[in-house]
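Trainee: Could you take me on a close tour of the inside of this chain? I'd like to hear who sits there and what touches what.

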Amino acid sequence: MKNKNRFLLALMLLFTIKAQAQRLQATHLLCEYQTNPIGVESLKPKFNWQLQTQQNNIVQTAYRVLVANDTVSLNNNKGNVWDSGKINSSQSIQVVYNGKSLQPVKTYYWKVMVWDNNKNVSAWSKKAFWQMGLLNQLDWKGALWIGYEKLPDSLRIVPAQADNGDPKFGKRKDILPLIRKEVFIKKAVKKATMFICGLGQFELYMNGNKIGDHFLDPGWTKYDKQALYVTFDVTKQIKQGNNALGIMLGNGFYYIPGERYRKITGAFGYPQMICRLVLQYKDGSGDDVISDDSWKAAPGPVTFSSIYGGEDYDANLEQTGWKKGNYNDKTWKQAVVVNGPPQLNSQAQQPLKVFENFTAKITQPKPGVWVYDFGQNASGIPFIGVKGKKGETIKIIPGELLAADGTVTQNAIGSPVYFNYTLKGGSAETWQPQFMYYGFRYVQINGAVPVNETNTDQLPVITQAKLLHTRNSATQIGSFSCSNNLFNKTFKLIDWAIRSNTVSIFTDCPHREKLGWLEEAHLVGSSIRYNYDIATLCNKVITDMKLSQTEDGLIPDIAPEYVQFGGGFRDSPEWGSNGIIMPWYVYQWYGDKQVLTDSYTMMTRYAAYLEKKAKNHILYFGLGDWYDIGPKEPGVSQLTPGGVTSTAIYYYDLTILSKIAAILGKSSDEQKYIQLSKEVKTAFNNKFFNKETNQYATGSQTANAMAIYMGLTEPGSRQAVVDNLVKDLRNRNNSLTAGDIGYRYLLRALDDAGRSDVIFDMNSRSDVPGYGYQLAQGATSLTESWQGNRISSNNHFMLGHLMEWFYSGLGGIKSAENSVAFHDMEIRPEPVGDVTYVKADHISPYGPIHVEWKKNKGVFNLSVKIPANTKATIYLPSTSTSVVTESGRSIASVKILKYEGYQNGRKVITTGSGSYNFQVK
């Protein structure tokens, strides 16, 4: 009897476990792309969630969202702000809030339940929340911009000047201030929220402690039009009684000194700040603390700060206790009221933070000179521990490369750039820059000696030194590895360049320029999106382009446009077209239709600008295929003549605009862009296509590849052009020539044509310029030139397109044509070359996608995971007679799998969500 009871108990437990495993849940709740965001400005925020279940082929059939203004109501399942009711829909991303009007500063709580096609009903999800930001100028409650002093209008340098050494922009007065105020709070605080902007950069302290773990807040913007404020929940830092608020200010791009190296010199104003501290008391009342002329200001210990040239810190100028209460600030001056940017918006993109840290190997190339090699070229800041005499100064010189004598050289990235730290003496000290970062692998330290080294001159002793890697804190949502070690190293090479150039904009390099060159954002954007969640950063860049667009419709090559460069460096269609391409890609990757609506005016104005500048529908201006491989040093396009890349991009813009117009219901615009694109296509082929040779222009890789990918090639000629593209590569022993613009389209054209074998041959070598060549020369981050030369940047992500192919080609993870956000996907792995194993993961808006395949002795094994609420078409490499099984079962016996036939060397199967293990023999 006991055994029977035990059996029944075990059976019940088994059923319970199985039921729990198959339970439908709504998880990973996002509002405006983020988990529990604060400072939300949208009055119609968008919600995302993912379905979690162990069952296969699950589709959401309905959902219900509750939004409440307090947790009690939500816990009682009352949506007193919005109850969507049961909505019969499969939509689980970009669900638009449609409740009562949302109020500034207010916190809202929400949850969701879902139904599926198996008639399962989930429990309510865990609750999530968002907090609204400040929605207009009145919401700042009279807060004023304040600083240490006001920059006279005569000293403003807007736009910035690309002088790089003009004496008239030399040393200028520039005080980096501390600003403080003490506040006495009489009541118990329930919630405290700080809304703050400090230009160019700021750090906020309360009662002696830094608030948050951000670096270089706020994000860079076009300050004559807009600045970003940052929202902090400071409830735990505020106390009843006396409180001290302190802010340190740095220059950033708001004020660029004329000393040391700089790409540009500019001055919107001296450092300044604005804030509103919102206090909500436990008794239901509230109060505000705002910035005004009652605050105090004084010079700080940061004596020099340049986003390009470095930073100096004098520890003897520290004002001990200034961040805390009961500090005597009688010698401080009253803060000065100044003018700020006309528009303040919430910083929605992820902030910069400090990530990995690297320790060093130390060499002494010359007497008194010590070089620290951190082993990785990365964006970051140096961190030092030092002990020495009061007033001694050590100099830290960062760089990517070493000169022949073993010292640090800055020849290719601008010089001089350095950091000075002046000791206060006594006990051990530590320091790291607060308002400047750089791209470096090495630092050279003068005026100090490493610990345990001979120190006859009694110099300061360096007890520790690190490279602290700084980057945008976008979540990593992808991973890739394979059996080919060169590809794994290439992936890492590209990834370090992406990390180093993903800040509050997409920079070209983390040292010499730090500007938002726009071509990289769309060309390498797909590579980044496979690996990182950059939705909010993409939207920020789109706003930067809107604010930088000129009255005549031009979108300049850089955004924010701090400086107006000349010629193609300001007006190149391959760069400006990011204003059309990026919103479209954001829609395709994340399903965000709102971004198309919000960007439509910018896009159509730019298309009109290009149309006006075209001569018989051909654009003859721009930089072309920047940094292609030709007979000369890399730079402006050498192998592809003017007009090819610019006109191809123009045609691509028009085809995108016609699709967007259709999505937005603008039928007349749709027809207009269809017709105009046809005219451009005809003109392009008449001008550049040779019908006898089936080549475009000079027959360069870029010219043929762009024509193929953009759809400019007529169907009857397409295969011949593809063949010529392959022939060119084969004739060059599989070496590439395409540059910044053309290489992405070379990869896409070959991948779309089923020629990943050529991509493999082109990139699995180290003897010609390319990724392997750079690695062979010791590169640890992707370089600016294919040759990895020493006269160019050695941390540049503009050639990082191969990462996209690692995921979409080798891994085979692609969104299906005409689908968005991977709702319908293709799994089409490419077992090419000597690759016998690939593992690729990507978290789509619907959930994780997993692909892992192995090839061994004629057997191909594929494990794949498809998220709930999506569908997949799986292409299995095979012969027509191959036998395909799933988990040991014949395909015909698995009801949720549908065999679609044999196509081009692959057996095609369609299925819904779930985990599957296929074997092909």
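**A look inside the chain**

Mentor: Sure. Buried residues make up 61% of the 921 residues in this chain. Keep in mind that we're looking at a predicted model. Let's get the overall frame first. The chain has 17 helices and 50 strands. Its radius of gyration is 29 Å, close to the 29 Å that the globule rule gives for 921 residues, so the chain is as compact as a globular protein of that length. The C-alpha trace spans about 85 × 80 × 65 Å along its principal axes. Now take the contacts with a separation of 6 or more: 75% of them are between residues 24 or more positions apart.

Asparagine 869 is a good place to go in. You'll find asparagine 869 in the loop between strand S44 (859-866) and strand S45 (871-877). Is it buried or exposed? With a relative accessibility of 2%, asparagine 869 is under the 20% cut-off, so it counts as buried. Its side chain has polar partners there: a polar atom of the asparagine 869 side chain lies 2.9 Å from the backbone nitrogen of glutamine 60, and a polar contact of 3.2 Å links the side chain of asparagine 869 to that of serine 92. Setting aside neighbours within four places in sequence, the residues in contact with asparagine 869 include Ile58, Val59, Ser90, His823, Tyr846 and Ser913.

Serine 306 is another polar residue on the inside. Serine 306 belongs to strand S21 (residues 302-306) and is buried, its relative accessible area being 0%. Again the side chain has a polar partner: the backbone nitrogen of glycine 309 is 2.8 Å from a polar atom of the serine 306 side chain. Once residues up to four places away in sequence are left out, serine 306 touches Pro257, Tyr261 and Met436. For a feel of how the sequence comes back on itself, look at valine 417: 111 residues separate valine 417 from serine 306 in sequence, yet their C-alpha atoms are 9.3 Å apart.

Right beside valine 417 in the numbering is a backbone detail to check. The peptide bond from serine 415 to proline 416 is cis, with omega near 5 degrees, and proline 416 sits in the loop between strand S31 (408-409) and strand S32 (418-422). There's a cis bond from valine 158 to proline 159 too, with omega near 0 degrees; proline 159 is in strand S10 (residues 157-161). As background, most peptide bonds are trans, and most residues other than glycine have a negative phi.

That brings us to positive phi values. Lysine 514 isn't a glycine, but has a positive phi of about 60 degrees. Lysine 514 lies in the loop between helix H3 (485-500) and helix H4 (518-523), and at 0% relative accessibility it counts as buried. Set that against asparagine 326, whose phi is near 60 degrees: asparagine 326 counts as exposed, at 72% relative accessibility.

On to the aromatics, where the count is 60 pairs. Tryptophan 626 and tyrosine 627 make a tilted pair, 5.3 Å centre to centre with 40 degrees between the planes. Tryptophan 626 is buried at 15% relative accessible area, and tyrosine 627 is buried at 9%. Phenylalanine 689 and tyrosine 696 make another tilted pair, with 4.7 Å between centres and 40 degrees between planes. Phenylalanine 689 is buried, at 15%, and tyrosine 696 counts as buried, at 0%. One aromatic cluster has among its members Phe480, Phe487, Phe491, Tyr530, Trp589 and Phe822. Rings host charges too: arginine 828 has its charged end over the ring of tyrosine 875, 3.7 Å from the centre, and arginine 499 has its charged end over the ring of tryptophan 496, 4.7 Å from the centre.

Last stop, the cysteines. How many disulfides are there? The count is zero. Cysteine 197 is buried at 0% relative accessibility, and the closest cysteine sulfur to its own is in cysteine 275, 11 Å away, so the two are too far apart for a bond. Cysteine 538 is buried too, with a relative accessible area of 0%; the closest cysteine sulfur, in cysteine 31, is 19 Å from that of cysteine 538, which is too far for a bond.

Notes: Residues are numbered from 1 along each chain as its sequence is written. This is a predicted model: local features need pLDDT of at least 70, side-chain atom pairs count only at pLDDT 80 or more; totals for chains, interfaces and linings use all residues. Side-chain values use heavy atoms; hydrogens and water are left out. Helices (H or I, at least four residues) and strands (E, at least two) are DSSP runs, numbered from the N terminus. Buried means under 20% relative accessible area, exposed over 50%, partly exposed in between (1.4 Å probe, protein chains only). Contact means heavy atoms within 4.5 Å. A polar contact is a pair of N or O atoms within 3.5 Å; within protein, one must be able to donate a hydrogen and the other to accept it, and residues adjacent in sequence count only if both atoms are side-chain atoms. Rings of Phe, Tyr and Trp (its six-membered ring) pair if their centres lie within 6.5 Å; planes under 30 degrees apart count as stacked, over 60 as edge-to-face and the rest as tilted. A charge sits over a ring if NZ of Lys or CZ of Arg is within 6 Å of the ring centre and within 35 degrees of the ring normal. A disulfide is a pair of cysteine sulfur atoms within 2.5 Å. The radius of gyration is taken over C-alpha atoms; the globule rule is 2.2 Å times the number of residues to the power 0.38.
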